[in-house]
Amino acid sequence: MNATALADTSDPVLPGHALAGAAASVTDRLDRPLRDLRLSVIDQCNFRCTYCMPREVFGAHYQFLRASERLSFAQMMKIVRAFVALGVEKIRITGGEPLLRRGLESFIERLASLTSLRGQPLDIALTTNGSLLATRARALRDAGLRRVTVSLDALDQSIFRRMSDADIAVTRILDGIEHASAVGLAPVKVNAVIERGVNDCQILPLVRHFRETEVAVRFIEYMDVGGATGWSKSTVLTAREMRAIVESEYPLVATDSDNGAATSVTYRHADGKGEVGFIASISEPFCGECSRARVSADGQLYTCLFATQGTDLKPWLGDVVPTARLIDAIHTRWNTRDDRYSELHAERRRTGTGKSYPTVRMSLVGG
Ligand code: SAM
Ligand code: SF4
Ligand code: SF4
């Protein structure tokens, strides 16, 4: 085990720990390695996207986590160190809206001081709605953030308003994206969830807007995660349909840049001007390659976006509990993982045995 990965812990470093040899090869029951961690730093958000936090559920009386219920950054560091010791190299910070969490830059700075088992800096990414990005991009970059994904579902102000249910100008998000590119966060990606009949008319404008920039746009199938109360199969525009819309104006060629664990299938414009990706979570689930663990802002480990129950990591987060115990707990949980909900849901939908309703909220566990 690389001691540097654990260097800023107060624990004794763990070179003799039983996991040391096996750490980089932690696999689940379906032989999937543990590769990335998505860490939700807050469950609150300043948007109320209809597909994620509909206002009728997440209204004025909704009980978000109290500050005291959220993990501290010190606890999150302990979690990250444990995942790094198990071979994880990619950390994506998410939420809720992660830029609402005060002190995020100093947390990123601490994360950036860690190295992977291979002695490399961690690959630190952020997913944000972009509303607070323009003023924060430089400080985030200076803290050690490498790349950023900005969610933007429409360029048209009224469609954006309808989907985000927030009084925020699209230009503010575009400004955030420009600042992120200007300070050298790379790549900058834009994610757009497409809902049939609501923002499918925005696919071509989004492609047009970003195609001559360094920003790659990715279109995501609308998923039936908890929070997506308006979801039905008929609201899903499939990746194939989205690609046909793009190709009606812009011919695409497949790239070979995807690795097996990538969620997105990426294409290049035939004229070389930029990239477009499609995330087919519903029509072509990629559970077989899913190597992602998620930790919610209150310290629950979820091994699937659709899991109905997490594993509470808090018992292992106290100062006096050695990190080795936390590593063991995560290792044991990953070993027993057999989730493949999107594949099972797709089978159920195909065979017409009804919709099973998932309960995990994307805003809690992060997308
Ligand atoms: N607030 C940040 C943002 O919007 O980028 C980070 C958290 S958000 C939960 C992460 C991602 O989940 C976003 O890109 C969002 O579009 C996606 N998401 C949320 N609900 C979804 C749904 N029902 N179907 C597909 N993607 C969804
Ligand atoms: Fe907030 Fe992101 Fe969910 Fe929209 S998708 S409500 S911005 S957490
Ligand atoms: Fe991974 Fe679960 Fe999504 Fe399948 S449904 S890709 S196992 S998060």
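In this predicted model, Asp31 sits in the segment before strand E1. With a relative accessibility of 58%, Asp31 counts as exposed, because the cut-off for that label is over 50%. The backbone at Asp31 also deserves a look, since phi there is near 65°, a positive value in a residue other than glycine. Most residues other than glycine have a negative phi, and most peptide bonds are trans. Asp165 joins Asp31 on the list of residues to inspect: Asp165 is not a glycine either, yet its phi is positive, at about 50°. Asp165 is placed in the loop between helix H4 (157-164) and helix H5. Further along, the loop between helix H5 (170-182) and strand E5 holds Pro187. The peptide bond that joins Ala186 to Pro187 is cis, with omega at about 0°.

How far can the coordinates be trusted? Across the protein the pLDDT averages 90, and 89% of the residues score at least 70. The beginning of the chain is another matter. Residues 1-10 stay under a pLDDT of 50, and the model gives them 24 contacts beyond four places in sequence. The stretch 12-22 is likewise below 50, with 14 contacts in the model beyond near neighbours in sequence. Where pLDDT is low, the predicted coordinates should not be read in detail.

Attention now turns to the ligands. Ligand 1 is surrounded by 20 residues, and the closest are Tyr51, Gly96, Ser151, Val193 and Met223. Sorted by class, this shell contains nine nonpolar, nine polar and two charged residues. Three strands, E3 (123-128), E5 (188-194) and E6 (216-221), each contribute at least two residues to the shell around ligand 1. Nitrogen atoms of the ligand take part in several polar contacts. A polar backbone atom of Met223 is 2.9 Å from a nitrogen atom of ligand 1, and a polar backbone atom of Gly96 is 3.0 Å from a nitrogen atom of the ligand. Glu97 takes part through its side chain, where a polar atom lies 3.3 Å from a nitrogen atom of ligand 1. Taken alone, ligand 1 exposes 540 Å², and the protein buries 95% of that area.

The residues around ligand 2 are Cys45, Phe47, Cys49, Tyr51, Cys52, Met53, Gly96 and Asn129. Here the shell has six nonpolar and two polar residues, with no charged ones. Readers following the two lists will meet Tyr51 and Gly96 around ligand 2 and again among the closest residues to ligand 1.

Asp43 is found in the loop between strand E1 (36-40) and helix H1 (73-85). Is this aspartate buried or exposed? Asp43 is buried, because its relative accessible area is 1%, and the label applies under 20%. The side chain of Asp43 reaches the backbone nitrogen of Leu65 at a distance of 3.0 Å. Leaving aside neighbours within four places in sequence, the contacts of Asp43 include Met53, Phe64, Gly96, Ala297 and Ser363.

A last stop is Thr235, in the loop between strand E6 and helix H7 (239-247). Thr235 is buried too, with a relative accessible area of 13%. Although Thr235 and Arg196 are 39 residues apart in sequence, their C-alpha atoms are 4.9 Å apart in space. Not counting residues up to four places away in sequence, Thr235 touches Ile194, Glu195, Arg196, Tyr222 and Gly230.

How values were computed:
Residues are numbered from 1 along each chain as its sequence is written. Chains are lettered from A and ligands numbered from 1 in the order in which they are written. This is a predicted model: local features need pLDDT of at least 70, side-chain atom pairs count only at pLDDT 80 or more; totals for chains, interfaces and linings use all residues. Side-chain values use heavy atoms; hydrogens and water are left out. A residue is near a molecule or strand if one of its heavy atoms lies within 4 Å of it. Ala, Val, Leu, Ile, Met, Phe, Trp, Tyr, Cys and Pro count as nonpolar, Asp, Glu, Lys and Arg as charged, and the others, Gly among them, as polar. pLDDT is the predictor's confidence in each residue, from 0 to 100. Contact means heavy atoms within 4.5 Å. A polar contact is a pair of N or O atoms within 3.5 Å; within protein, one must be able to donate a hydrogen and the other to accept it, and residues adjacent in sequence count only if both atoms are side-chain atoms. Accessible areas come from the Shrake-Rupley method with a 1.4 Å probe; for residues, only the protein chains shown count as cover. Helices (H or I, at least four residues) and strands (E, at least two) are DSSP runs, numbered from the N terminus. Buried means under 20% relative accessible area, exposed over 50%, partly exposed in between (1.4 Å probe, protein chains only).
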